[in-house]
Amino acid sequence: MPVIDARHLAGISETALLTLYQRATEAARPDGIVADPMAIALRDSLDYDYQDFGKTHQATAWRSVIFDSASREYLQAHPKANVVALAEGLQTSFWRLDNGELTWLSVDLEPIVRLRKQLLPTPDRLHYLAQSALDYTWMDRVEATDGVLITVEGLLQYLDRDAAFDLIAACAKRFPGGRLIFDSVPRLLSAYSRRFGIKLSKQYTAPPMPFWFTAKQYDELRAISGIRAVRELPVPRVRGRVLGPATALLYRQPELERFRAAHTLVEFG
């Protein structure tokens, strides 16, 4: 891959570099929780000072593993499905999930789409649309005959509540029988990010996250017309003698729902 300058990205678009860095660093570990050689190659092909992001951690790769597992479950039953990756950033999910039959639509802002086209292969079944996920015209590009899976990884927390719920409701109305996967942050983390900012290093502070949502609020999703079922996705093991057991406890106890970042699967009726 050629080396391309990525220092022009800013705001929420810059978080695509953060998540790429975190995932690629984890994939490069001998005990990494995700296998993602494409992410490593993509990271190394971008001219950017990743040290500005501070220390790495496994949370971003862990989230991708959860999304991958739920996506594979749907694709086993619908191998020719259309997968729509909203605000995909610099994810490399297509190459981890490709079964040779699916069709993939990557929707993101123009600077991100341009980088992806410059640096990543573009097989016939991978298509791009340079626009906001909140511009619902992307739905007109989706053929729903063989099933629809919509992934919203790392986006909703940067929206306000109405925009997040309106997007989910619009998908439910348009794609009956489909599924949507999204992640969210709990209230305390959202409040902290808005009041103080999450400072990852002296050079970088992550954007505020106004939208918070947990499994404790799933009835609010179930009340949306066209939604058949909502469930929290199971989580894999986390590396670490202390972090592993602590995370397992956090995600196993129903009474701790409001304190954890939920990974949610929504089924459309």
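## Starting at L249

Let's begin with L249, which has its place in helix α9, the stretch covering residues 243-252. This is a predicted model, and in it L249 counts as partly exposed, at 40% relative accessibility. Now pick A6 as a partner: 243 residues separate A6 from L249 along the chain, and their C-alpha atoms are 39 Å apart.

## How α1 packs

Helix α1 packs with α2 (residues 37-44) at an angle of about 125 degrees, and the two axes are 8 Å apart. That makes α1 oblique to α2. Their crossing is left-handed. As for who meets whom, α1 brings L20, Y21, R23, A24, T25 and A27, while α2 answers with A39, I40, L42 and R43.

With α3, the angle for α1 is about 85 degrees and the axes are 7 Å apart. Here α1 ends up roughly perpendicular to α3, because angles of 65 to 115 degrees count that way. On the α1 side the contacts come from T19, Q22, R23 and E26, and on the α3 side from T60, A61, R63 and S64. R23 is worth a second look, since it is listed in α1's contacts with α2 and also in those with α3.

## E26 and its neighbours

What does E26 touch, once residues up to four places away in sequence are set aside? The list runs to D31, G32, I33, V34, Q58, A61 and R239. E26 lies in helix α1 and, at 3% relative accessibility, it counts as buried. For a sense of spacing, go from E26 to T60: that is 34 residues in sequence, and 8.9 Å in space from C-alpha to C-alpha.

## Rings and a charge

Searching the whole structure for aromatic pairs turns up 15. Take Y21 and F53: their ring centres are 6.2 Å apart and their planes sit at 35 degrees, so this pair is tilted. Y21 belongs to α1 (residues 11-27), whereas F53 is in the loop between β2 (46-47) and α3 (59-77), so the pair ties together parts that are 32 residues apart in sequence.

Buried or exposed: which describes Y21? Y21 is buried, with a relative accessible area of 9%. F53 is buried too, at a relative accessible area of 1%. These two rings also belong to one aromatic cluster, made up of Y21, Y48, Y50, F53 and Y204. And Y21 has a further role in the picture, as one of the α1 residues that meet α2.

There's also a charge over a ring to look at. The charged end of R161 sits over the ring of F165, 4.3 Å from the ring centre.

## Two more residues to find

A87 is in the loop between β3 (82-86) and α4 (93-97). What about its backbone? A87 has a positive phi of about 50 degrees, although it isn't a glycine. At 21% relative accessibility, A87 counts as partly exposed, because the cut-off for buried is under 20%.

F268 lies in strand β11, which spans residues 263-268. With a relative accessible area of 0%, F268 is buried. If you trace from F268 to L155, you cover 113 residues along the chain, and the two C-alpha atoms are separated by 20 Å.

Note on methods
Residues numbered from 1 in each chain as written. Predicted model: local features only at pLDDT ≥ 70, side-chain atom pairs only at ≥ 80, totals over all residues. Heavy atoms only, no water. Phe/Tyr/Trp six-rings, centres within 6.5 Å; stacked < 30°, edge-to-face > 60°. Helix = DSSP H or I, 4+ residues; strand = E, 2+ residues; numbered from the N terminus. Buried < 20%, exposed > 50% of the residue type's maximum accessible area, 1.4 Å probe, protein only. Lys NZ or Arg CZ within 6 Å of the ring centre and 35° of its normal. Axes fitted to C-alpha atoms, helices over the stretch in contact; angles between N-to-C directions. Parallel < 35°, antiparallel > 145°, perpendicular 65-115°, else oblique. Left-handed = near helix turned anticlockwise from the far one by under 90°. Contact = heavy atoms within 4.5 Å.
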